[in-house]
2 protein chains.
Amino acid sequence: MTASPPRLTRKEQQARTRATLITSATRVLARKGLRGASIDDITADAGFTKGAFYANFASKEAMFLELLDEQFAEKLETIERIAGDGSDLGDQADRVGRDFVEALRGDEDWSRLFLEFAAHATREPAFGAEFRERFDKLRGGVAAVLERRAAELGIVPPFPADEIARMTFSMAHGVALEQLLDPATPEDLFGSMLRLFFGGVVVASTPAPPL
Amino acid sequence: MTASPPRLTRKEQQARTRATLITSATRVLARKGLRGASIDDITADAGFTKGAFYANFASKEAMFLELLDEQFAEKLETIERIAGDGSDLGDQADRVGRDFVEALRGDEDWSRLFLEFAAHATREPAFGAEFRERFDKLRGGVAAVLERRAAELGIVPPFPADEIARMTFSMAHGVALEQLLDPATPEDLFGSMLRLFFGGVVVASTPAPPL
DNA sequence: GTATCCGGATACTCGTCGGTACGCAACCGC
DNA sequence: GCGGTTGCGTACCGACGAGTATCCGGATAC
């Protein structure tokens, strides 16, 4: 009957609090916006008060950065996993897109939060710089995947991989926005669009020169 | 030397004030966000004070609607102009996109404002409903243009025009976002992307059945 | 076991912002 | 030209939110 140690060291306890706050912040900020959500909103959602917040973060802005980091790290991991597992199969052109559907589409909260972050990034130079840094890294990962796929298919796309990656991002974020704005948006719009788009890319490509 | 009548009737004067406020609101809201911009910010930019604002708008939220209406009306006009002038020429597949580049791309302020409106629309049901109404109408206009172009080319696209229009919108908004987030984004990304995409649409289309 | 430390709660401060009350001066109808 | 009207300026109010000061109680160090 002796329960497993509910005793947590001080550090563990605080780490738990911090994690809880971040989780609540993700949800609350996504729903009410970076400015619309107050610190009290966030801490209340997590079952704490202001004191807990300022024991864990220097300011509201500082926690934005924390959150930004966490969210992007997650996405980067997904992309890198995809980039790495290419050992097994390289098949149809439309396979190119399938993975991105999984990797770049998140849940609704992620879309909302991304939208909020993006808007904030266009206004706050410091935050914008951090945002762009992570954004570029993500795009670099996508570009790498695209290059490998092009090599597998033995084609040279009409634009550099980085630019195709930009286009892929644009579609992902554009669709996410469309889905936020209109619940009637088809669930697989992104997938259909990617297939059409990469169909066009393949058509506009030239054969790779022999080595 | 007698200047032309600087005398304006009361109604004209107020209309001028209102227009000035809306112009300032467009700029200020785009730069600071719907929540970040205060009414004092807006009226100060216009050279007025709070009194002028509340003499012209019932509330901050009400002016959002006013602005929404004005901005979308402008876009709708552009689309309908394009939809109407199709008498002269129907040519290459990539012509399909050229017009949209012009019609759906706005200046940076419009992108920012759209982003703000979109975020607001996902949070405020009433505003969201108004937003969606105008959004749907715009998309309807785009779908109509697409259908005409498909007919000109004698093809049946693999998806209904409405869905292709959604994809076009997604690309337009996605690119706009990309450009806001990263100044290094190629200027004509949207154009290039549209050509690739519609290239893919044409490839995936079937010939139109004879009448 | 006792002194110390510190994560988090509580109770403030101060600035800001949406909205209101009211005053004033220029316009309006007569 | 005179009295009512009204567009806009000014002064204000209540609410709220970020951040701070202080305190408490339980963990930690010795």
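In this predicted model, a phosphate oxygen of DNA strand C lies 2.3 Å from an N or O atom in the side chain of A:Thr17. Two protein chains, A and B, touch each other, with 50 residues of chain B and 50 residues of chain A taking part. DNA strand C has 19 residues around it, and DNA strand D has 18. The points below take the two strands in turn, then the contact between the chains, the fold of chain A and the cavities.

**DNA strand C**

- A:Thr17 is one of the closest residues to DNA strand C, along with A:Arg10, A:Thr49, B:Lys50 and B:Lys60.
- Of the atoms of DNA strand C that come within 4 Å of the protein, 62% belong to sugar and phosphate.
- The side chain of B:Lys60 has an N or O atom 2.7 Å from a phosphate oxygen of DNA strand C.
- The side chain of B:Lys50 reaches a base instead: an N or O atom there is 2.6 Å from a base oxygen of DNA strand C.
- Three helices each give at least two residues to the surface near DNA strand C, namely H1 (10–32) and H3 (50–56) of chain A and H3 (50–56) of chain B.
- H1 of chain A provides the largest share of this surface, with 4 residues.
- Sorted by class, the surface near DNA strand C contains 9 polar, 5 charged and 5 nonpolar residues.

**DNA strand D**

- The residues closest to DNA strand D are A:Lys50, A:Lys60, B:Arg10, B:Thr17 and B:Thr49.
- Sugar and phosphate make up 62% of the atoms of DNA strand D that lie within 4 Å of the protein.
- The side chain of B:Thr49 places an N or O atom 2.7 Å from a phosphate oxygen of DNA strand D.
- Backbone atoms take part as well: an N or O atom in the backbone of A:Arg10 is 2.9 Å from a phosphate oxygen of DNA strand D.
- A backbone N or O atom of A:Ile39 is also 2.9 Å from a phosphate oxygen of this strand.
- The elements that supply two or more residues to the surface near DNA strand D are H3 of chain A, and helix H1 (10–32) and H3 of chain B.
- This surface has 8 polar, 5 charged and 5 nonpolar residues.

**Contact between the chains**

- The size of an interface is often given as the accessible area lost when the parts come together.
- Chain B and chain A bury about 3900 Å² between them, and carbon and sulfur atoms account for 68% of that area.
- B:Arg166, B:Leu181 and B:Leu196 contribute 18% of the area that chain B buries against chain A, more than any other three residues.

**Fold of chain A**

- Chain A is built from 9 helices and 2 strands.
- Their order along the sequence is α-α-α-α-α-α-α-β-α-α-β.
- The C-alpha trace of chain A spans about 65 × 45 × 35 Å along its principal axes.

**Cavities**

- There are 3 cavities of 30 Å³ or more in the structure, and the largest encloses about 70 Å³.
- The lining of the largest cavity consists of A:Phe72, A:Lys75, A:Leu104, A:Trp110, A:Phe114, A:Phe135, A:Leu138, A:Phe169 and A:His173.
- Helices H4 (60–84), H6 (108–121), H7 (125–153) and H8 (161–181) of chain A each give at least two residues to this lining.
- By class, the lining of the largest cavity has 7 nonpolar residues, 1 polar and 1 charged.

Notes: Residues numbered from 1 in each chain as written. Chains lettered and ligands numbered in written order. Predicted model: local features only at pLDDT ≥ 70, side-chain atom pairs only at ≥ 80, totals over all residues. Heavy atoms only, no water. 1 Å grid on protein atoms, 1.4 Å probe; cavity = no way out; pocket = protein on both sides within 12 Å on 5 of 7 lines; lining within 4 Å. Points joined across faces, edges and corners; volume = space filled by probe spheres on them. Nonpolar A, V, L, I, M, F, W, Y, C, P; charged D, E, K, R; others polar. Near = heavy atom within 4 Å. Polar contact = N/O pair within 3.5 Å; in protein donor to acceptor, adjacent residues only side chain to side chain. Contact = heavy atoms within 4.5 Å. Buried area = accessible area lost by both parts, 1.4 Å probe.
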